[in-house]
Amino acid sequence: MIEKKRLGVLVSGSGTNLQALLDACAAPDFPARVAVVVSNVPAAFALERARRAEVAAEVLEHKAFVDRAAFDTALVSRLRAHQVEIVCLAGFMRLLGSAFLDAFPGRILNIHPTLLPAFPGLHGPRQSLAHGVKIAGCTVHFVDAGLDSGPIIVQAAVPVLPGDDEDRLAARILEEEHRIYPLAVRWLCEGRISVHQRTARIDAEPVVEGHALRNPGRPR
Ligand code: GRF
């Protein structure tokens with residue numbers, strides 16, 4: 001039996017990325033398990049996904065705290081209570097301050113629905129469409145004190161197709177999010193990621209080698 005690292009997943013919404021992590025963790029050879037899911041939104045469907053997977057699901061409403069530092073401190077103690085080693089933000093709609101970042105140095109990941117550093121912040125697919133990009137995508141990165149600005153671990157690209165609206169593009173990106181988030185978690189658990197200044201180096205085979213993604217005009 002391999003040793004499984006304990007993940008804490010922070011959510012605010014539907015939790016499809018949480019589901020991808022839960023599904024990956026179900027494999028015996030995946031080096032992590034979800035120890036707890038914490039939501040700042042009581043009605044988040046992600047909580048239901050956690051319960052269905054028989055994972056501890058907790059609500060911590062940011063509104064109940066006087067300021068961000070107090071919320072962050074409470075969040076850290078909930079995660080510590082479950083011996084969390086790695087934190088995954090999965091559609092968690094709060095910024096985290098130093099009280100939180102310092103508690104899990106180099107061990108907080110986020111998934112973002114653009115090819116960072118393009119379009120940080122909210123509504124990534126909408127921003128990508130408004131800018132007319134031809135290639136969109138998603139990024140898993142370490143979390144630092146900035147907005148979606150930490151070292152990039154893995155990215156996936158998808159084409160923007162004629163007739164795309166925000167929902168269609170977001171769905172195409174989301175499919176890739178579900179592939180790359182478990183990959184990044186696996187690499188972190190296996191000690192395959194080292195960070196040099198702001199570059200994360202990955203000791204793993206490239207998933208695609210020698211190909212360029214061109215759009216429009218992809219090779220047939
Ligand atoms: C995803 O698009 C993710 O990139 C962003 O928030 C969304 C969360 O979706 N950070 P879900 O709750 O995982 O379905």
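1. Which polar backbone atom is 2.7 Å from an oxygen atom of the ligand? In this predicted model, the atom belongs to Gly15, whose backbone approaches a ligand oxygen at that distance. The protein covers 79% of the 370 Å² of accessible area that the ligand has on its own.

2. Two side chains also make polar approaches to the ligand. Thr16 places a polar side-chain atom 2.5 Å from an oxygen atom of the ligand. For Glu177, a polar side-chain atom lies 2.8 Å from an oxygen atom of the ligand.

3. The shell should be considered as a whole. Around the ligand are Ser14, Gly15, Thr16 and Asn17, together with Gly91, Ile111, His112, Pro113, Leu174 and Glu177. Sorted by class, this shell holds six polar residues, three nonpolar residues and one charged residue.

4. As to the secondary structure behind this shell, at least two of its residues come from each of helix H1 (16-25), strand S5 (108-112) and helix H6 (166-189). The largest pocket is the space that the ligand takes.

5. A separate point concerns Ser39, which is found in strand S2, spanning residues 32-39. Is Ser39 buried or exposed? Its relative accessibility is 1%, and Ser39 therefore counts as buried, the cut-off for that class being under 20%. The side chain of Ser39 reaches the backbone oxygen of Val11, at a distance of 3.4 Å.

6. The loop between S5 and helix H5 (124-131) contains Pro120. With a relative accessible area of 33%, Pro120 is classed as partly exposed, because this value falls between the 20% and 50% limits. Which residue lies 5.6 Å from Pro120, C-alpha to C-alpha, although 28 residues separate the two in sequence? The residue in question is Asp148.

7. Gly121 is likewise placed in the loop between S5 and H5. Its relative accessible area is 22%, so Gly121 is partly exposed; the boundary with the buried class is set at 20%. Between the C-alpha atoms of Gly121 and Leu147 the distance is 6.6 Å, with their positions 26 residues apart in sequence.

8. In summary, for the ligand site, the contacts to be checked in the model are those of ligand oxygen atoms with the backbone of Gly15, the side chain of Thr16 and the side chain of Glu177. For the S5–H5 loop, the pairs to be inspected are Pro120 with Asp148 and Gly121 with Leu147.

Key
Residues numbered from 1 in each chain as written. Predicted model: local features only at pLDDT ≥ 70, side-chain atom pairs only at ≥ 80, totals over all residues. Heavy atoms only, no water. Near = heavy atom within 4 Å. Polar contact = N/O pair within 3.5 Å; in protein donor to acceptor, adjacent residues only side chain to side chain. Areas by Shrake-Rupley, 256 points an atom, 1.4 Å probe, with all protein chains shown as cover. 1 Å grid on protein atoms, 1.4 Å probe; cavity = no way out; pocket = protein on both sides within 12 Å on 5 of 7 lines; lining within 4 Å. Sits in = over half its atoms within 2 Å of the grid points. Helix = DSSP H or I, 4+ residues; strand = E, 2+ residues; numbered from the N terminus. Nonpolar A, V, L, I, M, F, W, Y, C, P; charged D, E, K, R; others polar. Buried < 20%, exposed > 50% of the residue type's maximum accessible area, 1.4 Å probe, protein only.
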